[in-house]
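Open the structure in your viewer and keep the selection panel at hand. The tour goes from one chain to its contacts with the others.

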Amino acid sequence: MQPTSARFHDNVDKALRDSDLQTALHRVDKNFTSRRTAAVTAMPEFEALRDEAVQIKNHTLDHLDLYLEKFEENVTAAGGQVHWAATPEDARQIILDLCQAAGTRTVTKGKSMIAEEVALNPFLEEHGITPVETDLGEYIIQLADEPPSHIIGPAIHKTKEQVSDLFVTHHAKLGKTERLTEGEDLVAEARDVLRPRYLEADVGITGANFLIAETGTSVIVTNEGNGDLTQQLPRTHIVIASLEKVVPTLEDASTILRVLARSATGQQMSVYTTFSTGPRRANDPDGPDAFHVVLLDNGRSKLLGSEFQDILRCIRCGACFNHCPVYASIGGHAYGWVYSGPMGAVLTPTMIGIDQAHHLPNATPFCGRCEAVCPMRIPLPKMMRHWRAQAFDKKLDAVRQRLALRAWVWLARRPALYRRLSGLAVRYLAWRGRPLGRLRDLPFAEGWTASRDLPAPQGRTFSAQWAQRRRGNT
Amino acid sequence: MNAGPRVGLFVTCLVDLFRPSVGFAAVKLLEDAGCSVEVPTAQTCCGQPAYNAGDRRDARAIAENVLRAFEGFEYVVAPSGSCAGMIKQHYPQLFADDPVLGPAAQALAARTWELTGFLVDVLKVSGLTARYDGTVAYHDSCSSLREMNVRDQPRALLAQFEGVELADISDGEACCGFGGTFAVKYGDISAQIVGKKAANVVRTGADTLVAGDLGCLFNIAGKLKRDGATMKVRHAAEILAGMTDDPPIGEA
Amino acid sequence: MGAAAAGEHVSGREAILGAIRTSLGARDDDAARTAVEVRLKAHPRNLVPDRAAVSDTAREAMFVSQIEATHASVARVAGEGDIPAAVAAYLAHHNLPAAATLAPDVAALNWASQPLLETRVGVPVESDQVGVTAAFAAIAETGTLMLTSGAGSPMTLNLLPDNHVVVLRRSQITGSLEDAWDRLRDHQGDAGMPRTAMFVSGPSSTADIELTLYLGAHGPRRLHIILVED
């Protein structure tokens with residue numbers, strides 16, 4: 001997907017004017033936050049589990065090479081094969097080669113952010129293979145030709161009416177010409193339409209929430225069961241996952257699973273949590289004949305040992321999105337690339353560069369809620385500040401803002417001059433604020449005054465009054 | 001002069017420039033509780049604008065100035081969760097690699113308090129004698145909540161008043177959208193966020209909005225006034241010190 | 001790094017592992033390898049929530065109440081002999097045709113006692129509406145069934161038919177996810193993991209349209225558990 005993060009202001013403007021999007025975002029805000037709170041309150045050990053999850057991930061990252069080697073050893077022992085993709089191009093080519101070897105025309109897909117990251121679908125299509133998204137949200141945005149807007153609910157920006165329109169447009173050629181309006185009916189139609197696609201695909205591609213080194217297992221977490229149909233029915237099952245998904249043992253995966261579903265949707269466990277190890281065994285009546293895991297690096301090995309290492313603990317729960325006031329205002333597409341929300345503000349610059357992505361870590365008031373709800377205790381604001389430091393050194397900020405900051409800093413280091421000039425400035429602003437005690441507009445501050453008044457200063461600084469009081473007392 | 005703890009008041013640039021009455025209210029509260037209060041004149045800014053802009057070098061220079069100015073005080077108190085948080089949480093990080101200033105920053109951080117947190121957790125103030133008649137909606141600033149562990153303390157102080165009724169703001173932990181320069185740089189997003197906060201504040205039916213941070217207060221008040229709301233907006237210190245003669249924020 | 005010449009896939013692996021080692025920096029390699037070996041071999045339990053440590057009866061009640069809360073249904077029967085009748089009754093109750101596809105694991109039950117119930121054993125076909133399978137275990141902590149693949153348990157039978165009936169013995173209900181793993185390890189012995197271990201906590205659902213919950217997205221719309229009080 002071509003990033004549009006550099007056009008952030010335009011994206012934001014469009015998002016704020018989109019009333020359907022705003023309605024959808026309001027729904028997300030209300031729903032996910034209360035569910036998470038309820039789930040967390042109901043589990044007394046939640047904070048302790050968070051701490052354990054952090055320790056598990058940190059330990060794994062400190063030994064990442066060794067755990068990946070063990071993972072590969074165990075996948076191979078179970079009859080599967082691991083492929084190592086340093087770049088998105090490598091990952092795409094490996095998967096294409098596997099699909100061509102399997103002679104498949106269509107590929108069913110479970111939800112995978114990594115597949116989005118490497119832009120797998122357009123590449124497969126270019127080579128005559130049709131990817132079929134099976135997660136309902138992914139299916140909807142596939143029809144709409146849009147990227148996902150939320151890490152666990154890709155189509156939450158869509159209204160039911162928009163889904164009805166998409167279905168009647170795209171399903172007509174399948175003989176389904178009635179425009180459905182009830183949610184149940186839309187879900188049923190999607191199920192009907194996708195069922196034959198599951199059965200005809202010779203390759204199924206899933207992501208992985210976890211890769212388990214102890215057993216060579218990939219784990220997926222869904223509510224629909226689409227990932228399960230995707231990985232059970234075809235002859236070849238391909239898992240695409242990034243390096244940092246590996247955890248040591250089944251017990252370690254179990255611990256992190258406890259904080260994952262609760263943080264994401266407030267569930268204790270998602271409806272289907274499935275552990276897949278290798279292809280079918282000799283006596284299994286069904287299951288794939290081949291099991292492949294494509295491990296993607298794409299810069300993650302470089303994040304290790306850097307000031308951004310902690311983002312590698314992310315388990316893609318979406319809690320940070322759900323509690324972010326910026327995301328709640330603009331939605332996922334405005335961020336301009338695959339990963340949005342607070343984790344996207346940290347991860348995206350590592351992949352598309354801070355030059356293009358500098359608005360993302362900048363467009364936040366640093367309320368800190370993301371870090372507060374992150375099950376993996378990732379210090380998201382701290383890492384956004386690291387990006388801001390890099391952006392500052394590269395002078396990526398607008399000239400006007402850099403000069404204003406320079407002026408402020410220069411004055412702040414000269415207290416006597418600061419007092420004199422600030423005294424004058426507040427006298428002026430207080431005067432401008434008459435008679436109401438507030439200003440409706442102020443040069444260089446349109447960002448504020450376009451929608452808010454600016455309360456006027458009282459007129460004399462505290463420093464001046466305090467100095468006078470002290471002079472009066474001596 | 002009081003014989004109690006020796007407190008250095010960190011005025012904050014917003015109080016200094018925009019609303020000095022908050023500073024005087026803070027001094028009164030501290031002196032009434034037995035502290036001797038001084039206001040080092042070398043202070044200007046806590047350095048947060050530079051720090052948040054990624055200008056670590058200037059942030060350190062300003063912070064160094066603060067470290068020096070506030071040497072020797074038993075406590076440093078600010079009528080702001082944001083500035084107190086900058087000193088307490090971020091100064092140690094700014095100087096983490098400095099063998100001299102690192103320990104100095106840790107030491108200052110350990111002595112730095114937000115005003116209401118200080119009054120309750122350290123001075124154990126009770127029996128405030130001021131009176132305020134009205135329903136108060138209390139807004140928690142993000143920095144108070146998440147950097148200074150302040151939430152119950154201002155409510156405990158207000159509860160000591162006769163005549164005050166406290167109202168809960170729905171989705172109370174949500175940000176007001178100020179975020180310093182964010183409010184101007186990304187003003188449209190900030191406006192969207194403060195719009196939600198203002199609507200929740202108005203929905204409480206309270207006649208007064210109170211908070212411990214002027215940034216939040218100016219932001220929400222600015223939105224309320226633009227929308228024509230009649231709610232009064234004040235800093236917690238003004239109410240607690242019984243100093244409500246000055247017009248509320250954004251009024252004359 | 002471009003597409004494969006014969007040697008390049010190998011170098012993908014070495015490139016990645018090399019990059020990781022460079023980033024991690026100097027370390028005591030032996031100590032690191034030992035730490036990894038030890039953790040994998042011992043697979044120690046981390047914190048297990050208190051609620052999972054309850055008595056058998058309490059465990060059963062916890063399992064039942066939690067899975068019922070997700071719109072699954074539970075019917076208790078006294079013994080294995082009662083299962084076919086319970087299946088027939090369930091189908092009748094939901095106005096479903098009296099036909100079911102059985103996993104080999106449940107084929108030996110006394111289906112002859114239900115002559116009007118048409119049964120077939122094996123993998124499902126698209127038109128099958130009812131699948132009957134046996135659970136490997138269940139987890140009280142979260143109200144979850146554990147279904148594993150094997151000669152007697154085709155996994156697609158848990159997914160394709162719209163109605164899924166699972167036979168569960170009371171003795172199979174464990175307290176926690178960790179207990180379930182221990183059970184699986186004991187059962188599998190040297191054979192290692194099965195191809196699939198699927199944990200099911202309710203019927204298939206989605207909230208992808210306006211965050212409203214709908215059942216029967218792709219997996220079964222109905223999940224019914226026949227709990228044998230053994």
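Among contacts in chain B between residues at least 6 apart in sequence, what percentage join residues at least 24 apart? The share is 76%, where two residues are in contact if their C-beta atoms, placed from the backbone, lie within 7 Å. This is a predicted model, in which local features need pLDDT of at least 70 and side-chain atom pairs count only at pLDDT 80 or more, while totals for chains, interfaces and linings use all residues. Residues are numbered from 1 along each chain as its sequence is written, and chains are lettered from A and ligands numbered from 1 in the order in which they are written.

**Stop 1: chain B alone**

Select chain B and show it as a cartoon. You should find 13 helices and 8 strands; helices (H or I, at least four residues) and strands (E, at least two) are DSSP runs, numbered from the N terminus. The radius of gyration of chain B is 18 Å, close to the 18 Å from the globule rule for 252 residues, so chain B is as compact as a globular protein of that length. That radius is taken over C-alpha atoms, and the rule is 2.2 Å times the number of residues to the power 0.38. Turn the chain about: along its principal axes the C-alpha trace spans about 55 × 45 × 30 Å. Of the 252 residues in chain B, 61% are buried (20 or more other C-beta atoms within 10 Å of the residue's own, with C-beta atoms placed from the backbone).

**Stop 2: chain B against chain A**

Add chain A. Here 56 residues of chain B are in contact with 51 residues of chain A. Select α11 (187-203) of chain B, one of the helices that each supply at least two residues to this side. α11(B) gives the most, with 7 residues. The side of chain B that touches chain A divides into 30 nonpolar, 13 polar and 13 charged residues. Ala, Val, Leu, Ile, Met, Phe, Trp, Tyr, Cys and Pro count as nonpolar, Asp, Glu, Lys and Arg as charged, and the others, Gly among them, as polar.

**Stop 3: chain C**

Now show chain C. Chains B and C do not touch, and their nearest C-alpha atoms are 20 Å apart. Of the 2 pairs of chains that touch, A and C have the most contacts.

Finally, select residues 272-276 of chain A and 196-200 of chain C. These are strand β9 of chain A and strand β9 of chain C, which run antiparallel and are joined by 5 bridges; two strands pair if DSSP finds at least two bridges between them. Within this pairing, A:Thr273 stands opposite C:Phe199.

Conventions:
Buried ≥ 20, exposed ≤ 12 C-beta atoms within 10 Å, placed from the backbone.
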